[in-house]
Amino acid sequence: MNHGQNAHMVAASSLVAMGNVGLSAIIPAIGFRHVRPCPTIMLNHHPGLGGPVASPTDASCLQAMLHDGLMGVEAEPAQLMLTGYFANCAQVRLVAEAIRAWKAQDPKRIYLCDPVMGDDHTGLYVGEDVARAVIDELVPEADHLTPNYFEWSLIRNAVGKDSHVAITSNAETSIMHAELLRAGQVIAGCDAGRQDHAPNGLGDAFSGIYALGLLHGDAPSKAFDVAFSRIQQILQLSGHGPHLTFPAQNQELAAP
């Protein structure tokens, strides 16, 4: 599906002032031009920087943002939906209902689920009820998913048979390995040297870049390759600092 350079996606995830995770990683990675953001929670900083002050988005506000973002207000409807972090399971159910209604209007629309739930070194960092809601309500609806290996172990039995799954990290210490699966078969893979103490938010940025490729009509394997390559560029810019560093405003990432 190629909707050109003016197509839009809705992205629903966390929004932080400092820490570049969730929407605060997705938007700098791909730019505001293509994104209609729907924050699920607002925080002063990423929890890894200390105890945050957090405010989950009210259900009625989130529902209104989803409706306007997906359906458009005197604008074209969104052609892709990307979900990430959720503050509670009520938000998950609300988003699942919105996605089903939006896709019922046009089955060619794309839903990408980044099942943000935890990691190898932390275990779950959402409530068990939130994780179960994501697995039951969102994972089966997704055309594309971008879990890490920990999350993949939780969702794999709920993934649709025709869905593409881009797994973006593993527990190896020296190699960063990613692979793209369909129907359980690896159809693409990438490797790079692993950087110790990498900043948080790489998975969110990867999901955004991968989604942008799909939005512009790239084959999943191309969108996957481009996303992995550009994440390496962002990682190189970031060095060993605590935050992701993106190219200067209006400066495009170099083509892979």
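**Strand β5 and its surroundings in the predicted model**

In strand β5, the side chains of Ile110 and Leu112 point one way, those of Tyr111 and Cys113 point the other way, and all of these residues are buried. The structure described here is a predicted model. Within it, β5 is joined to β4 by four bridges, and the two strands run parallel. At one position of this pairing, Leu82 stands opposite Leu112 of β5.

Both strands belong to an open sheet. This sheet consists of nine strands in the order β3-β2-β1-β4-β5-β8-β9-β10-β11, and its pairing is mixed. The edges of the sheet are formed by β3 (54-56) and β11 (185-193); each has a single partner strand, so one side of each is left without a neighbour in the sheet. In general, the strands of a sheet pair through backbone hydrogen bonds, in either a parallel or an antiparallel manner. Both kinds of pairing can be illustrated here. Whereas β4 and β5 run parallel, strand β2 (residues 35-45) and β3 run antiparallel and are joined by three bridges. In the latter pairing, Met42 stands opposite Ser55 of β3.

Helix α4 offers a further view of the region around β5. The helix comprises residues 128-138, and its buried residues are Val130, Ala131, Ala133, Val134, Ile135 and Leu138. The cover over these buried residues includes strands β4 (80-83), β5 (110-113) and β7 (123-124), together with helices α3 (89-105) and α5 (149-155). The paired strands β4 and β5 are thus both among the elements that cover the buried residues of α4.

The chain as a whole contains seven helices and 11 strands. Its radius of gyration is 17 Å, close to the 18 Å that the globule rule gives for 256 residues, and the chain is therefore as compact as a globular protein of that length. Along the principal axes, the C-alpha trace spans about 45 × 40 × 40 Å. Of the 256 residues, 51% count as buried. When contacts between residues at least 6 apart in sequence are considered, 64% join residues at least 24 apart.

The surface and the charges of the chain were also examined. The accessible surface comes to about 11700 Å², and carbon and sulfur atoms account for 51% of this area. The chain carries 14 positive and 25 negative side chains, and the centres of these two sets lie 7 Å apart.

Methods. Residues numbered from 1 in each chain as written. Predicted model: local features only at pLDDT ≥ 70, side-chain atom pairs only at ≥ 80, totals over all residues. Heavy atoms only, no water. Rg over C-alpha atoms; globule rule 2.2 N^0.38 Å. Buried < 20%, exposed > 50% of the residue type's maximum accessible area, 1.4 Å probe, protein only. Contact = heavy atoms within 4.5 Å. Areas by Shrake-Rupley, 256 points an atom, 1.4 Å probe, with all protein chains shown as cover. Lys, Arg positive; Asp, Glu negative; His and termini not counted. Charge placed at Lys NZ, Arg CZ, Asp CG, Glu CD. Pairing = 2+ DSSP bridges.
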